[in-house]
Amino acid sequence: MPADSLTLQVAEIVGLTLRRSPGELVRLQREEISEWDSLKHMEIVFAVEDSFGIEFREDELPYLNSVALIREAVERHRAT
Amino acid sequence: MRHDLSAAGSAFGLRPITLADAGFVVQLRARGGRGAFMHSIAPDVAQQEAYLARYFDRPDDYYFIIYRLATGEAEGTIGLYDIDWRDRSAQWGRWIVRKGSLAALESAVLLYELAFDRLGLQMVYCRTVAANTAVLSFHRSFGLVMHELLPRHFRIGDHVYDAVEQRLTRELWNDIRAGVHATTLRFAGRVARVPERE
């Protein structure tokens with residue numbers, strides 16, 4: 001199934017931060033991507049927050065471990 | 001060794017480890033989730049206390065508990081050791097944060113501040129199992145420079161591993177500290193705090 005527009009936007013942000021192709025990131029989990037370290041994780045979180053004008057809660061941050069999970073969290077925040 | 005170095009950042013702090021932390025260390029290691037690349041430790045609290053008692057007698061070895069400023073809750077460990085006062089260098093490690101903790105970045109920042117600003121060191125290095133790509137990537141993202149590959153450097157259990165030594169000099173630290181501080185500050189904005197401690 002092709003990725004939707006929000007997924008692609010998130011993948012683009014993660015890809016820019018990690019310098020990886022957004023297309024391949026859509027299918028991967030954080031533990032499969034060695035460049036996705038703790039520091040890059042914070043950079044990804046902040047870049048997503050800035051792009052969508054949202055702020056994740058502290059308890060969400062450790063679980064934003066894939067493009068799909070970040071997409072879900074963005075959608076939740078935009079709905080509230 | 002018994003020391004009185006401590007540091008408080010924006011959300012997390014470092015304090016000297018005590019005998020009373022032995023149980024926490026055993027739990028942390030057991031639940032750490034990165035077991036493949038960690039040295040085995042004394043498996044029960046009494047043995048861990050004995051290890052800490054020996055550590056207290058060892059000079060130039062600073063072992064810390066990483067804790068949350070808001071609650072005092074311990075979230076991990078970190079250490080600075082093998083200090084060479086002639087060339088003012090030291091190794092850092094024993095770095096474990098509990099699963100789900102967000103203390104990794106700030107604990108590293110605080111350790112570098114202690115090393116360079118308080119102890120006056122000129123260079124700090126880490127030796128990481130070469131296959132531990134997540135930690136190697138963290139150090140690289142932070143700004144450390146690859147120094148050398150150390151073949152068959154670590155023996156962990158029955159396995160022998162190559163290690164990678166990455167280094168941060170005082171000059172490099174001065175170049176990157178503003179950037180990492182900005183990141184830790186922004187993050188800390190959402191971590192609850194209690195009023196400043198004495």
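## A walk through two chains

Let's start with A:Arg19, which is exposed because just 8 other C-beta atoms lie within 10 Å. Here a residue is buried if 20 or more other C-beta atoms lie within 10 Å of its own, exposed if 12 or fewer, and partly exposed in between, with C-beta atoms placed from the backbone. This is a predicted model, in which local features need pLDDT of at least 70 and side-chain atom pairs count only at pLDDT 80 or more, while totals for chains, interfaces and linings use all residues. Residues are numbered from 1 along each chain as its sequence is written, and chains are lettered from A and ligands numbered from 1 in the order in which they are written.

You will find A:Arg19 in the loop between helix 1 and helix 2 (22–25) of chain A. Helices (H or I, at least four residues) and strands (E, at least two) are DSSP runs, numbered from the N terminus. The phi of A:Arg19 is near 55°, a positive value in a residue other than glycine. Most residues other than glycine have a negative phi. For a second example, turn to B:Arg94 in strand 5 (residues 89–97) of chain B, where phi is near 50°, again positive in a residue other than glycine. B:Arg94 is buried, with 21 other C-beta atoms within 10 Å.

Now step back from the loop into helix 1 of chain A. A:Gln9 sits in this helix and counts as partly exposed because it has 18 C-beta neighbours inside 10 Å. Along the sequence, A:Gln9 and A:Tyr63 are 54 residues apart, and their C-alpha atoms are 19 Å apart in space.

Two packed helices are described by the angle between their axes and the distance between the axes. In chain A, helix 1 (residues 5–18) packs with helix 3 (residues 38–52) at an angle of about 140°, the axes being 9 Å apart. Axes are lines fitted to C-alpha atoms, for helices over the stretch in contact, and angles run from 0 to 180 degrees between N-to-C directions. That angle makes helix 1 of chain A oblique to helix 3 of chain A; angles under 35 degrees count as roughly parallel, over 145 as roughly antiparallel, 65 to 115 as roughly perpendicular and the rest as oblique. The crossing of these two helices of chain A is right-handed (the near helix is turned clockwise from the far one by less than a right angle; anticlockwise would be left-handed). Helix 1 of chain A brings A:Val10, A:Ile13, A:Val14, A:Thr17 and A:Leu18 to meet helix 3 residues that include A:Ile44, A:Ala47 and A:Val48. Contact means that the C-beta atoms of two residues, placed from the backbone, lie within 7 Å.

Chain B has its own helix pairs. The axes of helix 1 (residues 22–31) of chain B and helix 2 of chain B come within 8 Å and cross at roughly 110°, which makes the two roughly perpendicular. The contact is made by B:Ala22, B:Gly23, B:Val25 and B:Val26 of helix 1 of chain B and B:Val45, B:Gln48, B:Glu49 and B:Leu52 of helix 2 of chain B. Within helix 2 (residues 45–56) of chain B, B:Gln48 counts as buried because it has 20 C-beta neighbours inside 10 Å. B:Gln48 and B:Gln27 are 21 residues apart in sequence and 11 Å apart in space, C-alpha to C-alpha.

Further along chain B, the axes of helix 3 and helix 5 (residues 170–188) come within 11 Å and cross at roughly 145°, in a left-handed crossing. By class, this contact of helix 3 of chain B with helix 5 of chain B has six nonpolar, three polar and two charged residues. Ala, Val, Leu, Ile, Met, Phe, Trp, Tyr, Cys and Pro count as nonpolar, Asp, Glu, Lys and Arg as charged, and the others, Gly among them, as polar.

Which residues have the most contacts inside the largest nonpolar core? They are B:Ile66, B:Leu111, B:Tyr112 and B:Ala115, in a core of 67 residues. Helix 3 (residues 104–118) of chain B gives the most to this core, with ten residues. Such a core is a set of buried Ala, Val, Leu, Ile, Met, Phe, Trp, Tyr and Cys residues joined through C-beta atoms within 7 Å. Leaving aside residues up to four places away in sequence, B:Ala115 touches B:Leu80, B:Ala90, B:Leu121 and B:Val124.

Finally, look where the chains meet: 13 residues of chain A are in contact with 15 residues of chain B. The buried residues of helix 4 of chain B pack against elements that include helix 3 of chain A and helix 5 of chain B.
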